[in-house]
Amino acid sequence: MSKEKLRNNQLVNISLNNNSYAIELSIRKSYIEGWDEYFFTLKQRDGVEEIVLPFAVKEEVSEEFLVVSLTLSIDKYPELLINKKIWDMYINRKKEGDVTQTRVRSDNDYLRFYSIILPEQEKMFYPFTTKNRKLSFYYNNYCLFANVEEATNLGGEIVFSGHLNYPPMFLEKGYKIRKIQMVLTNNLDEEINVISLEVVNRPDIHEKFNGNELLSKAGFKGTVKINKDTNIERKVFYKFFLVLTYEKDGQVENLRSNRVRWIRDKIEVQKRVIRTKNGKLKVQIKPTKKSKFLSLQISNYSFKEEIVNEAKRKWVKFRRGKFVQKVYKTAFQLLGNLPSKKNLIIFESFHGKQYSDSPRAIYEYIKENNMDYEMYWSADRRHVSYFEKLDDVKSVRRFSITWLLIMARAKYWVTNARLPLWLPKPKGTIYLQTWHGTPLKRLAADMEEVHMPGTNTDKYKANFLFEASKWDYLVSPNTYSTEIFKRAFGFQKTMIESGYPRNDFLINSNSEREIRDIKESCQLPLDKKIILYAPTWRDNQFYSKGKYKFELQLDLERLKEELGNDYIIVLRLHYLVAENLDLTGYEDFVFDLSKHDDIRELYLISDIMVTDYSSVFFDYANLRRPMIFFVYDIEDYRDNLRGFYFNFEAKAPGPLVKTTEELIDEVKKIDELGFVPSENSEEFYNKFCYLEDGRASERVVKEVFKS
C-alpha cells in the first residue's frame with residue numbers, strides 16, 4: 001500500500017460479505033498519540049443513537065501511517081434498520097474522560113454498489129460518500145444510482161457511457177426489467193427529452209461487487225441529438241436522470257435515479273459550434289462545480305464575442321505567466337534600488353478587494369490628523385470601479401505599470417494579508433503587516449496539515465515564513481496573539497501590541513445616529529432587529545486556488561417562519577468565498593452584504609452575531625452583545641482542517657449549536673430573558689479585548705511613522 005495515497009482518517013477499502021462490511025481506514029500515528037484511547041462509531045444523524053464498532057490494527061504502512069480494519073454487520077446491529085436513517089462514521093479520541101469525534105473521510109464514488117437488499121422491508125442499506133467527502137451509511141427505500149464515465153461532444157450530438165447499480169431486488173421472482181432510458185430536463189420549460197439507452201456488458205463491475213448477476217450488464221451508452229431547429233433565446237441548461245422501467249407481477253413501474261454524476265478524475269469542458277437554420281449554437285458538456293453532475297449547455301454563438309472572450313482569456317493567461325512575472329520582478333528590483341520616497345505610503349486590504357480593516361483605520365487616522373503623506377490604495381483589477389467611487393481616496397490598479405512605480409518607490413507598505421511571494425521588498429521600504437484577526441484556528445507553522453489547492457503542507461509553511469520574514473512591524477491585538485504570531489509566523493522583528501486599529505470604530509462610533517445612518521445606506525428595514533451571520537471559509541471546500549465554496553447549512557424557511565416578524569438576517573461571507581447564494585423568496589428576510597465596504601459597520605448595526613470559527617467574534621466581543629456559534633461541522637474543522645489554539649467548546653463566549661432549531665431556541669431565549677453576559681463572556685473580554693479603547697490606530701501610527 002503506497003503511503004503517498006494515504007490521508008489521515010480516510011477510507012482505504014471496503015468489501016461486503018453475508019450482510020457484513022469489512023472496512024479499512026488509514027490513520028496518521030501522530031493523530032492518536034497522546035490520547036488514552038481511540039475507537040470508531042456510527043452515529044445516527046439528527047439523533048442520539050451511537051454504535052461502537054470492533055476494530056483491529058491491520059498493518060503499519062510506514063513510520064507515519066497505520067491501517068485499521070473494522071467490521072460492521074447489520075445482523076448484529078438491528079438498530080441500523082429502523083426508519084429511513086443516515087449513519088455517519090466517526091473516529092473518537094478519548095483523554096481524561098473527554099471524547100472528541102471526527103468524521104471519517106471517503107473519496108470512493110462507487111460505494112453504493114455495496115448495497116444490502118432487504119426484500120421483506122423493501123429497503124436497502126448501503127454506504128455512500130457525502131458531498132463533503134465523508135463516509136456515511138443509509139437505510140433507505142429501493143433506489144437507483146447512475147454515473148457517466150465518458151462523455152464526448154461531437155457538436156450535433158453527445159455520446160456518453162456509464163453504469164448503474166441495478167438494485168439486486170431485480171434478481172427476485174416477479175421482477176422483469178423492460179428498458180433503461182436517459183431523461184433530460186431543462187431550466188426554461190417543462191419539456192422532457194427521453195433517450196433510449198443500449199445495455200453494455202460490464203464484467204469488471206460484476207466481478208468487483210460480489211457477483212450480483214445483474215451487474216454483469218450494468219453498463220449503458222447512448223446519444224443525445226441536438227435539435228438544430230431550436231430557436232435559443234437564452235442559454236439552456238440540461239440535467240440528466242436515468243429511468244429504469246420494470247414489470248412486477250404484471251404491473252409496469254418506473255424507477256428514477258437522482259441526477260447522473262460524471263465521475264472521471266479529470267474532466268475538461270468540451271465545447272463545439274454547430275450550424276442551424278437560425279444561426280450558430282455553442283454546445284458545451286461539463287460537470288457542475290459542486291457535485292460533478294453531468295450538464296449540457298446550449299447557447300447562441302457569436303464569432304466576434306468568442307474571439308473577444310478568447311483573447312481576454314489568453315491575455316490574462318499570458319499576463320499571469322512566468323515570463324511576464326519574471327520581467328515584472330526584474331523591473332521591480334531595478335526600481336527598488338532607487339531611493340524611496342519618504343512620504344509615500346501604499347495601503348492594501350485583502351489583496352486589493354476592499355477599502356477596510358486596520359489599513360483603513362490607519363489611513364483615516366493619518367488623514368484626519370493632516371500628516372504630510374502621499375497615500376494610495378492598491379486595488380484588484382476587478383474592484384477598481386469600487387475604489388474609484390470612494391470620495392477623496394486615490395487608488396492604483398494592482399500589478400499595473402503605475403502600481404509597480406509606486407510600490408517599488410514607496411517608503412511604507414501597509415497591508416492586512418500576504419503579498420505575492422515573488423514580490424521583492426526594496427531595502428528602503430518599511431513593511432507594516434496588520435494581519436486580520438485574533439487567532440482561534442492554527443496558523444502557518446502551527447498547522448499540522450494543509451488542505452488548500454495549489455500547495456502542500458511543507459510548501460505552504462515555507463512560503464508563509466518567507467513572506468513573514470519581509471515584515472518590519474506586525475500589529476497584535478493582545479498578549480495571547482503576540483505569543484502565537486511570533487511562533488506561527490517565525491516573526492522576530494518589531495511587534496506592536498496595540499489592539500486592532502479596525503476596532504477603534506466600534507468604540508468611537510457606537511451611537512444610535514450612526515447605526516441608523518448605516519441601516520439606511522444599506523437599505524435595511526429600521527423596524528427589525530438584525531442577526532449577522534458571518535461564517536469562515538473551509539480550507540478543503542474549493543473550486544480552484546483562491547475560490548472557496550460555501551454551502552449554507554441554515555434552514556432559511558424555518559428561520560423566517562419562527563423569527564421573521566422581529567428579525568432580518570444579514571449575511572457576510574469570508575472574502576475568499578466565491579459563492580453567490582440564491583436567496584429567491586427570502587428577499588425581505590435575508591440580505592447578502594458580503595460585498596459591503598467594511599464589516600465593522602455590520603457589527604455596529606447587528607443585535608446578535610452568529611458565526612462559527614471566524615475571528616470576527618473577537619472583534620464583535622467589544623460591543624458586549626450576544627453571540628451564538630453555529631458549528632455544525634466542529635469535529636471535522638477542529639481535528640482535520642485547522643485545529644484550535646484553546647478549548648473553544650469550553651471557552652466560547654456564547655452557546656454552541658449544530659442545527660437551525662437549536663439556533664432558533666437560543667435567539668428566543670435572548671428575546672425572553674434579555675442578554676446576560678456569562679462568566680465565559682467576561683473572561684473572554686478581559687483576555688482578548690482589554691487593549692481596545694479606541695486609540696489603537698494612534699499607537700500604531702506613532703510607532704511606525706515616528707517622523
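**Notebook: strand 28 and its surroundings**

I started at a single pairing: Q433 stands opposite L474 in strand 29. Before going on, I noted that I'm looking at a predicted model.

**Entry 1: the strands around Q433**

I wanted to know how strand 28 and strand 29 run relative to each other, parallel or antiparallel. They pair in the parallel sense, over 2 bridges, with strand 29 covering residues 473–476.

Then I looked at strand 27, residues 410–415, and found 4 bridges joining it to strand 28, again parallel. Which residue of strand 28 is the bridge partner of T415? I found Q433 there. That puts Q433 opposite L474 in strand 29 and also in a bridge with T415.

**Entry 2: the two faces of strand 28**

Next I asked whether the faces of strand 28 are covered or open. Both are covered. I430 and L432 sit on one side, Y431 and Q433 on the other, and I see all four listed as buried. The split fits what I know of strands: in a regular one, the side chains alternate between the two faces of the sheet.

**Entry 3: a patch on the surface**

I moved to the outside and looked up a nonpolar surface patch. Which residues make it? I got W315, F318, F323 and V327, with an area of about 460 Å². Helix 3 (303–319) and helix 4 (322–336) each supply at least two residues of this patch.

I checked V327 on its own, and its place is in helix 4. Why can V327 count towards a patch? Its relative accessible area is 45%, which makes it partly exposed, and a patch residue needs over 30%.

**Entry 4: cysteines**

How many disulfides are there in the model? I counted 0. I also looked up two cysteines by name. C522 counts as buried because its relative accessibility is 12%, under the 20% limit. C689 is buried as well, at 1%.

**Entry 5: stepping back**

Last, I took in the whole protein. I read off 19 helices and 38 strands. Of the 707 residues, 55% are buried. I also looked at contacts between residues at least 6 apart in sequence, and 65% of these join residues at least 24 apart. The accessible surface comes to about 34100 Å², with 46% of it belonging to carbon and sulfur atoms.

To pick up again later, I'd go back to strand 28, residues 430–433, with strand 27 joined to it by 4 bridges and strand 29 by 2.

Definitions and conventions. Residues numbered from 1 in each chain as written. Predicted model: local features only at pLDDT ≥ 70, side-chain atom pairs only at ≥ 80, totals over all residues. Heavy atoms only, no water. Buried < 20%, exposed > 50% of the residue type's maximum accessible area, 1.4 Å probe, protein only. Contact = heavy atoms within 4.5 Å. Areas by Shrake-Rupley, 256 points an atom, 1.4 Å probe, with all protein chains shown as cover. Pairing = 2+ DSSP bridges. Patch = residues over 30% accessible without salt bridge, like charges linked within 9 Å, V, L, I, M, F, W, Y side chains within 5 Å. Salt bridge = Lys/Arg side-chain N within 4 Å of Asp/Glu carboxyl O. Disulfide = S-S within 2.5 Å.
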